Amino acid sequence: MFKFMHKKHPVPAERLRHQKELFRYAKTAQHGFPSKPSALAYDPTLSLMAIGTKSGAINVYGQPGVEFYGQHKNVESAVRQIIFLPNQGRLVTHCDDNTLHLWEVNFRSGTSVLEEVNSTTMEGKLKTISTCCLEASGEHLLVGTEGGNIYLLNIASFSLTDNIIYQDVVMQNVPDDYKVTPGAVECVRQHPVFPDKILIGYNRGLMVVWDRKQLNAERTYVCNQSLETVCWSRDGAEFMSAHNDGSFIIWNARKLSKPDGPHAPYGPFPCKSMTRVSWVTTDSGDWVVFSGGMPRASYGDKHTVSVLKRDAQREEEKHVAFDFTSAVVDFVLLGGEGTESKEGPHTLLVLAEEELVAVDLSSEGWPTHQLPYLSSLHSSAITTASYVTDCSETAYRRLVAAGERQRQPASQKPWPITGGERVGEPCSSRDLLLTGHEDGSVCVWAAGDVSLRLIYRLTTSRLFSEEEDDRDRRERELDEEFPPLRSVGVFDPYSDDPRLAVKRVALCGDSAALVVAGTAGQIVVWRLAEEEKEGYKVQPVLVDLVSEQDSFAWKGHDRLPARPEPLTLPAGYQPSSVIQLHPPAAVSALSLQDSWGLLAAGTGHGFVLFDFIQNKPVMHKCTLNPHDYAASGESPMTRGKSLKKSLRESFRRLRKGRSQRAAGPRRASPSPAGGQTPTAATDSPAAPQHARRGLSPPVTVSDDDVRPVERSVEARSEDPAFSGMIRCLYLATSYLASGQPPMRTLWAGTNSGAIYVYAVHCAAGEKRNTTPVTWQPGKEFRLKHGAPVIDIRIVDAGGRSVCRAPADQAATGPHRVVIASEEQFKVFTLPTMRPYGKFKLTAVEGSRVRRIGYARFCASPTDDSAYTEWCLMCVTNQGDINVFTLPELRRQMHEESIRREDILGITSLVFTEHGEALYLASSSLYQRLALSSGVAVRPSCRLKLPEGARPAAGAAAPAAASAPATDESAAEAKQRTASGDSRPAAEASFSSGADTTVDSHRDFLSSSEKPVESAAAATSGAAGGGDGSGPSEPEVVEISTEEADRLLNGMRGLVNGVGGREERSVENYKEEKDGVKKSLEKSKETHISASEDEQNNVTAQREETERVLTTTESTSDSVTTRSKEEVRVVRTTRITAGTKVTEVTPPATTAAAAAATTAGTRQNGNGGGGKRRALTTGPSVTLAPSESDYNSMDGASVGATEAPLAHCEETETDL
């Protein structure tokens, strides 16, 4: 048993302090386009845009860099509609689960965040929400339902009012044909001039102008076609309706007259439904914008948004149908809002399923805007990615200039969405994200800021012969005169040839040289050019990797044929070398050293070192084993294997694995270092020759004895089809031979654990262009368990990569090579290859490494003298991210970041040298992670609201929850409270208001076991302190966050005698089984009142009473009926000015208390949560003689009591 007791050395305090300063995990920003968008909204006053998704996410965007993220609790419920409360920084969302949610942008810890503050659910099938419309005053939300009724939701309390527009009442003046089933409420629109009038549109084509003040139908309009949507003209004299036959009709709202229409823009043949329409009228004409309506037979597969600009006589001036490659979700018009405006719209914002497009309607030709964010990363599927940290200023400037020349004709107007403002200085790092795509294109993105901006787009397919480009073919089809289609957007997911897909990409941060490697073994070196080049002829250099294998026969796909005709290359990236590997397998590894003029590329058959200055290969090596049947040339893309052969190979591997497990793994002899590092043995016949050249002999690395607490990692049975695949290549200058200066080296790691090292010699100066590059073998060793080598990196004494270190510091201290396999990390000292340390990841945790990165962790991003460390980062197949120090390999961080089922996220993750990571949370969205506490790219912005823009009920609660009223210490506050003065220190010297008390009580959501006190005892206890000696310290009451928000927001308006009564049925249940009928009727009654005392302190009270009537009827022999009625006061809630609200963590509860809390939460429909709010008493900041003064207060005092059962009656009657 003592073998499991390992003495743990305590971590020094200084090391703990460094860990706290350097490492911190957080999800910071999102780059790209949200996955599966479902709703779009725009706030014209604050200039904000909101997008909701089918997974419940909601994002708000302003000017570039201003972003707010939110997520509904139900991730399976789609956001169907978003409604901004204009100029308040708040919005309401309608979700698929028939819920409404209220969100606010609040200021927290130096930045604004999006928070959900309230929610409500409409229960019942007839109350299924179909549409919502906000009143112009912003006080109520009109909620249309599938049952035909319209409910009013009070925004302040976020609860339904008693004012309901019933369908039966509306139907009184409607023709008989529509009185039976008019259908669901399709849309509701408020009159732009008379707010008491609303236009109600029903699904079957009925439209009613309803006067809410007179409670009658002013006018009724009937159409034979099903209704999709309606919209008012600017002056309210007319309205437009859109229908499912692709037509729209203009109706006169002031008098009964013949309607204008129907107009079918793409008729007379049957057309698709016109799903959305927007109508803006001006003095010079009008704008009609609609989605859909295309002819079914010829253009039924098109996704369009059409814009019609008409003159004052409504004659068509301009007509364009914008064609998208994905379905249109929604669109909004920017500009021309309000009845006072006389101008037309200036921007059309279209949200499609896969991209966002902004059309400039104020410029000639209606060009599109260049997106500063929400770019469509997946315009073609992403196949690989690479991150370049701190590109040189010269290279970055050249890249940006080339991108400006390449940019298609776009709008010169600034981005129209300008809401919010950034806090602090924007990030100025010149980081680049390179994404390779399925269609052979490479996109270069500016990734050093919150907004991911496209700099340059490179297309490699133009160098190879292929079929006609799909987009060119589509644009030629759109050249027809009618319909006037125009292709917009960049999303194009189709690729005619899968061989064009980019597998590896590398960019030199100093010179901006770019290397792109593809699926068919094609490698192209690109360089920036300032001028256009004509007559370029593609001449690939063929490199045969299996020339020494006589029996090899490639059975995979053919290579891409080069384009035969000369090409005209525009300014920007131009090819300098084209390499074609044979066999034409996918490139699995790539390394670039532009200062040397060399690149290394590897496939599943071997690797090549290529000189792109002289445009010829330096050396190549085949890594196939001639005894393996993998030499037949069958690659992973070959699909011609027979079933018999596949079964034979499977059983062969199975028998081989069993035999190896029976024999047991061989143990290696302990190393001189005490068994902590692997040993090296010379077993290569070429060792004497290498020794004569002055290089170290080849070594074989084996693992040490497995500790009892570790799982044994068995030797892998090599998969012949992949054993020779090159997993990593590395070019660096380091020490390879003892007693010699640093030299250029090439390192290659394979899928079977073999590592090859070569010395490379290049001439200097002008001789480099003519003198051939030479090479010689350096070292060769193999890992014992044959784990794939996924990364090799040489670091200096401080753990910094020698490729990133300055030239004068690269040779200081010993160099060490870090070899990372899928199972463990090992560090060797160069040039002797003496083991320095290792970390067994698979043996301890059972996970395998998938990605490796190296980063500089700094305690302060601005202080150059702050403590820094270079560390190794990795992500495993379990989705965990680990950080290790270099070269000691001590783990500093372990975070479960990505779900283990998310294969796309794990395989797409890339690390940055700033201590960050990016991974694809979906096919179109990168999620950014911060591992370092010093540097992190995250939205830091603020939303400034005008004075008095947001109602006090919605702003006071978050403001009180964010910070205390004063900056006094807790000890001073306690001392003053004990002396009877409970006012804040800031106003204790001049305020003369009376102290405010809170009823002492036990909340039914709290887990504490205090007894329930009566209201009278509660009041006396709070005021007198129990022993009659004077005021005591205020009691802290724990309630849920949702309950606190509901109380604070709902009770603010109930002052100065405002009161009411609400009664509604909650549940009706009937069941008949075995001759027994059971019925349950539950109703809830609420009484609300408010009062004012002599000191002008306002107190509002709400009393909730619940009635439950249970009836049981037996019809067996004699009819017996039992009824039981319970009437009890569920809660009495009082609110008085002066409460402070703070966030607290709930204490640990017993199992019984936790069960009671859960039951109470379920009973009252409150979700509960991890954090709860503590409501403590405090004095009135301002006396409240009027409702307006009360609404401007900073806090409120809340109390609640739970009364015993009022009465219980049970009767039994025998008939």
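How do the residues of the lining of the largest cavity divide into nonpolar, polar and charged? I'll come to that in a minute, but first the ground rules.

What we have here is a predicted model, where local features need pLDDT of at least 70, side-chain atom pairs count only at pLDDT 80 or more, and totals for chains, interfaces and linings use all residues. Residues are numbered from 1 along each chain as its sequence is written, and side-chain values use heavy atoms, with hydrogens and water left out.

Okay, cavities. Rolling a probe the size of a water molecule over the atoms shows where empty space is left. Here a cavity is a set of points on a 1 Å grid over the protein atoms alone where a 1.4 Å probe fits but cannot get out, and lining residues have an atom within 4 Å of a point. Points are joined across faces, edges and corners, and the volume is the space filled by probe spheres set on them. That gives 7 cavities of 30 Å³ or more. The largest cavity holds about 90 Å³. It is lined by 14 residues, and the closest to its centre are Gln30, His31, Gly32, Glu67 and Leu374.

So, back to my opening: the lining of the largest cavity has 8 nonpolar residues, 5 polar and 1 charged. For that split, Ala, Val, Leu, Ile, Met, Phe, Trp, Tyr, Cys and Pro are nonpolar, Asp, Glu, Lys and Arg are charged, and the others, Gly among them, are polar. The elements giving two or more residues to this lining are strands E1 (23-32), E4 (57-61) and E5 (67-71). E1 supplies the largest share, 3 residues. A word on names: helices (H or I, at least four residues) and strands (E, at least two) are DSSP runs, numbered from the N terminus.

Next, sheets. Two strands pair if DSSP finds at least two bridges between them. One open sheet has 4 strands in the order E18-E19-E20-E21, paired antiparallel. Its edge strands, each pairing on one side only, are E18 (227-232) and E21. From one strand to the next, the twist averages 20°. E18 and E19 (residues 238-243) run antiparallel and are joined by 5 bridges. If you want a spot to look at, Cys231 stands opposite Met240 in E19.

Now look further along the chain, at another open sheet of 4 antiparallel strands, ordered E56-E57-E58-E59. At its edges sit E56 (849-858) and E59 (891-896), each pairing on one side only. The twist here averages 20° from one strand to the next. E56 pairs with E57 (residues 868-876) in the antiparallel sense over 9 bridges, and Ala855 has Cys871 in E57 as its bridge partner. Helix H1 (residues 13-22) lies across E56, E57, E58 (880-885) and E59, at about 100° to E56. Angles like that run from 0 to 180 degrees between N-to-C directions, with axes as lines fitted to C-alpha atoms, for helices over the stretch in contact, and contact means heavy atoms within 4.5 Å.

While we're at this sheet, the loop between E58 and E59 holds Pro887. The Leu886 to Pro887 peptide bond is cis, with omega about 0°. Another cis bond runs from Leu830 to Pro831, omega near 5°, and Pro831 is in the loop between E54 (824-829) and E55 (834-840). One more backbone oddity: Ser109 is not a glycine, yet has a positive phi of about 55°.

Last stop, aromatics. Rings of Phe, Tyr and Trp (its six-membered ring) pair if their centres lie within 6.5 Å, with planes under 30 degrees apart stacked, over 60 edge-to-face and the rest tilted. The whole structure has 15 aromatic pairs. In one of them, the Tyr266 and Phe290 centres are 6.1 Å apart and the planes are at 55°, so this pair is tilted.

Note on methods: On a 1 Å grid over the protein atoms alone, a cavity is a set of points where a 1.4 Å probe fits but cannot get out, and a pocket is an open set with protein on both sides within 12 Å along at least five of seven lines; lining residues have an atom within 4 Å of a point.
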